[in-house]
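Please take a moment to look over the sequence and the model before reading on. The paragraphs that follow lead through the structure one region at a time.

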Amino acid sequence: MEQTVMKETATLPMLALRGMVVFPNTLIHFDVVREKSLLALENAMVNKQLIFVSMQTDPTIENPKPADIENVGTICKISQVVKMPNNTVRVLVEGLKRAKIYDVARVKPYFVAVVDEVEKDDYDDTTIESEALRRKLVDEFMNYCDYNNRVNSDFVVSLENVEDTARLADSIASNMPLKLLDKQKILNIESTKERAETLLELLIREIQIAEVDTNIDRKVKKNIDKNQREYFLREQLKVIHEELGDDSEFEVEEYKSKLKKLDLPQNVVEKCEKELARLSKMSVNNPDANVIRTYLEWICDLPWNNFTKDTLEISNAKEVLDRDHYGLKEVKERIMEYLAVKKITSSMAGPILCLVGPPGVGKTSIAKSIAESMGRSYARISLGGIRDEADIRGHRRTYIGSMPGRIITALKQAGTNNPLMLFDEIDKMASDYRGDPAAALLEVLDSEQNTKFRDHFMEVDFDLSNVLFIATANTLDTIPRPLLDRMEIIEIPGYTSEEKFQIAKNHLLSKQLKNHGLTKKQVSVSDTAIKGIIAHYTKEAGVRALERKIANVLRKSALKIVDAPETQVKITGKNLEEFLGKEIFSDEFASKKDEVGVVCGLAWTQVGGDTLSIEVNVMDGTGNLELTGQLGDVMKESAKAAVSYVRSESDKLGIDSEFYKKYDIHIHVPEGATPKDGPSAGITIATALVSALSQRAVNHKVAMTGEITIRGRVLPIGGLREKTLAAYQAGIKTVVIPFENKKDIDELENVVKENIDIIPARNMNDVLKVALV
Ligand code: ADP
């Protein structure tokens, strides 16, 4: 310990403090109660207001002896004395100096002590070390305060400016809620350095304790919070249940009366009774109860006895169908026939129609019109991408989150048990390990079985025999045979430009005007404009894109009208570009010339017929055959067969018989919007090849389709209706078809038959005769 300098000795009244330590340079107040202390205070007030205060070692002692008082205390100046009720006095003192008791001069009536003032040691506050020590003290104290917000923040800030280490240490010690013994310990230390360091140690320890403390706090709090939350939620749930009155007894009664009103079939009633008996035994919160509730709701929601009466008035039905749709004669006629027969024998099972055709030809929308024309409700089930039997027939209730299948769901939506149910995209259904949805459909469509359709979820039979089923598909290829056998196929091949024009003019335009909130007065679309849209902005078998383009035009018009409400927007062939941008399609073949090595082929895809131009180039080389562009495997085979044919017939064709060694042959099929493959490009490739090798041009108004054999025979193909339609659209005048397809000519569209020369060909000679100029 450093040498302390005793400056002065003083004789002063002494106050024994209980439970507190007063440090120099601090202001502090306390209450004085004891007689002895009050006397000491009184004496001090008349004597320079100085008093020596020191702590009792044991605060419980009422009448301390000198030995019970700590040796080191503080000389204080009394700043304020306030008399309080019940004989206590509140004193405000300012600590001045440390002092040690040298002797106790008097004990009665109050203590008088002789004390030695402890002078400040010669610790140098200007060194770097001392600055560091002070900063450390302040930092740690701030740290401590973060945990303990009992300390006044202004005070903490003021500490940063204190340059006197001793004073700083005293201030901090005084303001920290330290243990009394620790405080006294700090007071006892005379060396500034040692005092500051001891304080620092204490501070760090306190921080650690505080850290542990908050952790414990947090954990405890979290636990309590969680428990409380759960408790509250449970209580709320209880109240909700009470409010809703769904204690199980009440609930069961309610279901019973609801079910009674439905007049259910006997077996369903029995099933429901069983379920209700189970429900009544369950507690409100049992998760199984919810499964039963869902089940009963479904039973209640199904149209067991709801049905609509068919309007069998044929003239009326015809009116509705014609109002909404142009053409589609075959479909409309079939429906009239059905209605007529139904009028005679009411018990007839409905036909199951399957409308097959490219997208946008109105399959879905005519189905909706049929429902309307008969006064039935309408329910659509989209089958595209369905690969799970449960999608059709539901999941058993043992599955979590199980639901009825689409048939039952559709019935619920329809609200009647005899709706028109549309199976959309029946050709896009797949099957995998989860069971075959087609098998489930088969049962639904079978009039022998569908009186007792059983959904896995419902577990009771539902009679589907009154439902009128209609299916749609783009192609028949992917529909399973047994399913196909159940249905009556009606093909809708796609529309000619004229038909599209009629549809647009009479249906789409007015429909879209209405959709956009416009009137014919506000926007007029001229015939040439409609024709322009059809020819230059769409290329499709149906009218979906056409309808979209019309909507585009109307949107743009609406914009103009909003800007200037009085405007009349006139759309003509001339200003069409303003609305739709640059033309997308130009008249493909019509403007072309006869060329060598370029032949127009015809293809069929799921979105309708299409033309494709096949190009062949012959160059000096070593006999390589190169195939580029969009060729599928089948088309590649066709190309090879074509080459083979040309080789075997080279003499007759006037072609150098060594061509396959001397030249490189390049066959190219330009990419189209939809990929095409199939053998029907065979004769087209062969023609292009012969043309290129013999340098004879091909008539550009001729198109063709047909499979080729290596001997040059022409084999039949499918999709003739769509293909010839596409040819007609492209301005073709002559179409070469396989001889065996001659029987299909009758079924071709009238415009096609009227405008196109159809030439059946048995072999390549027949083809080349027509094609080469
Ligand atoms: P699909 O089901 O064959 O793909 P949609 O039924 O969706 O075709 O028809 C597309 C749009 O074209 C619908 O707005 C429909 O009303 C219209 N549409 C198609 N064909 C006709 C038609 N013959 N007469 C009137 N509108 C038609």
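**A walk through the predicted model**

In strand 18, G608 is the bridge partner of T605, and this pair belongs to a set of eight bridges that join strand 17 (residues 598-605) to strand 18 (residues 608-620), the two strands running antiparallel. The model in which these pairs are seen is a predicted one.

Both strands are part of a wider arrangement, an open sheet of seven strands with mixed pairing, whose order is 19-20-18-17-22-25-26. At its edges lie strand 19 (625-629) and strand 26 (757-761), each of which pairs on one side only, and from one strand to the next the twist averages 30°. Helix 24 (residues 682-694) packs on this sheet, where it touches strand 17, strand 18, strand 20 (663-669) and strand 22 (702-704), and its direction makes about 30° with that of strand 18. Helix 27 (residues 764-771) also packs on the sheet, touching strand 22, strand 25 (734-738) and strand 26, while its direction makes about 155° with that of strand 22.

Turning to the beginning of the chain, we can follow strand 5 (residues 89-106) through its partners. Strand 2 (residues 27-32) pairs with strand 5 in the antiparallel sense over six bridges, and F30 has V91 as its bridge partner there. Strand 4 (residues 72-83) is likewise antiparallel to strand 5, with eleven bridges between them, and V82 stands opposite R90. Five residues lie between the strands in this hairpin of strand 4 and strand 5, where N86 takes a positive phi near 45°. Strand 5 is also joined to strand 6 (residues 112-118) by six bridges, again antiparallel, with K100 standing opposite D116, and these two strands form a hairpin that has five residues between them.

Helix 1 (residues 35-46) has twelve residues and reaches 17 Å from its first C-alpha to its last, which is close to the 16 Å expected at 1.5 Å a residue. Several residues of helix 1 are buried, including L38, L41 and A44, and the helix is followed by K48, whose phi is positive, near 65°.

Which residues touch the most other members of the largest nonpolar core? In this core of 54 residues, they are I299, M421, F423 and I426, and helix 9 (residues 287-301) gives the most to the core, with seven residues. Beyond its neighbours within four places in sequence, I299 has contacts that include L259, W304 and M458. Another core, of 49 residues, lies apart from this one, and among its members are L420, Y495, L513 and I530.

Definitions and conventions. Residues numbered from 1 in each chain as written. Predicted model: local features only at pLDDT ≥ 70, side-chain atom pairs only at ≥ 80, totals over all residues. Heavy atoms only, no water. Pairing = 2+ DSSP bridges. Helix = DSSP H or I, 4+ residues; strand = E, 2+ residues; numbered from the N terminus. Axes fitted to C-alpha atoms, helices over the stretch in contact; angles between N-to-C directions. Contact = heavy atoms within 4.5 Å. Expected span 1.5 Å × (residues − 1). Buried < 20%, exposed > 50% of the residue type's maximum accessible area, 1.4 Å probe, protein only. Core = buried A, V, L, I, M, F, W, Y, C linked by side-chain atoms within 4.5 Å.
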